[in-house]
Amino acid sequence: MFIAKVTGSVISTQKVDTMVGHKLLVVEPYRLEAKDRQSLVTTGRTFVAVDMLGSGVGDFVLITQGSSARLTPETKSLPIDCVVIGIVDRAHIESTCVFDRAEDTDQPPAKAQPTPAPKPKPKPKSVPKPEPTPSPEKPSEQDSES
C-alpha cells in the first residue's frame, strides 16, 4: 500500500463494460521526506486509480497497485492496476504526525459551489421631465393706471 494525493480525475466515455460507472482519479504517491522525516513529499509519479470510496481532489488516500488492486470483492473482476482503498485521516511516523486531515490547509473547500454571476441591476425608469409652469404675466401699463 501507498499514501497518495488525489490530484485530478479522468473522464472516459468509451470503455469496457466492467468499467462503466467507476470513478477514475489521478493520484500522486507520496513518501516520507528523507532528511528530517517530518513531512510527506511527492515521489513525482502519477497513476490512474479506481475510486471505490468517493474521495476527491486534495484528499490523501491509501492505494494498492498490481494484482493486489483486484483482491477486494468490489474489484476482483475489474481490469485495473491501481485502486483507492482508504481515505487518510492521520499519518504518524514514530512520535511525529506527518499528516492530519483536520489541519491540512491545502484541502479545497468541500463540495465548493461556483459563485453565481451577479444579477444585472434594473435600469431606472425614465421619468418625464415636468413641464415648466407658466409664469404670471406682468400687468400691462393700462391695468396699472386704472
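What follows is a chat about a few features of this predicted model.

Visitor: Why is the pair of Tyr30 and Phe60 called edge-to-face?

Guide: Look at the two rings: their centres are 5.0 Å apart, and their planes sit at 80°. Centres within 6.5 Å make a pair, and planes over 60 degrees apart count as edge-to-face, so Tyr30 and Phe60 get that label.

Visitor: What makes this a link between parts that are apart in sequence?

Guide: Tyr30 belongs to strand S2 (residues 23–32), while Phe60 belongs to strand S5 (residues 60–65), so the pair ties together parts 30 residues apart in sequence.

Visitor: How do you know whether Phe60 is buried or exposed?

Guide: Check its relative accessible area, which is 7%. Buried means under 20%, so Phe60 is buried.

Visitor: And why is the pair of Phe60 and Phe99 called tilted?

Guide: Here the ring centres are 4.5 Å apart, with the planes at 45°. Under 30 degrees would be stacked and over 60 edge-to-face, with the rest tilted, so this pair is tilted. Phe99 sits in strand S8 (residues 96–100), 39 residues from Phe60, and both phenylalanines are buried. Tyr30, Phe60 and Phe99 form one aromatic cluster.

Visitor: Now the loops. What makes the phi of Arg37 worth pointing out?

Guide: Arg37 has a positive phi of about 55°, although it is not a glycine. Most residues other than glycine have a negative phi. You'll find Arg37 in the loop between S2 and strand S3 (40–42).

Visitor: Why does Arg37 count as partly exposed, and what does Glu94 count as?

Guide: Arg37 comes in at 40% relative accessibility. Buried is under 20% and exposed is over 50%, so Arg37 falls in between and is partly exposed. Glu94 is at 73%, so it counts as exposed. Glu94 also has a positive phi, of about 50°, and lies in the loop between strand S7 (90–93) and S8.

Visitor: Which strands each supply at least two residues of the largest nonpolar core?

Guide: Strand S1 (2–10), S2, strand S4 (47–51), S5 and strand S6 (82–87). That core has 10 residues, among them Ala4, Val27, Phe47, Ile63 and Val84. Leaving aside neighbours within four places in sequence, Val27 is in contact with residues including Ala4, Val6, Phe47, Val61 and Cys82. A second, separate core of 8 residues includes Tyr30, Leu32, Phe60 and Val98.

Definitions and conventions
Residues numbered from 1 in each chain as written. Predicted model: local features only at pLDDT ≥ 70, side-chain atom pairs only at ≥ 80, totals over all residues. Heavy atoms only, no water. Phe/Tyr/Trp six-rings, centres within 6.5 Å; stacked < 30°, edge-to-face > 60°. Helix = DSSP H or I, 4+ residues; strand = E, 2+ residues; numbered from the N terminus. Buried < 20%, exposed > 50% of the residue type's maximum accessible area, 1.4 Å probe, protein only. Core = buried A, V, L, I, M, F, W, Y, C linked by side-chain atoms within 4.5 Å. Contact = heavy atoms within 4.5 Å.
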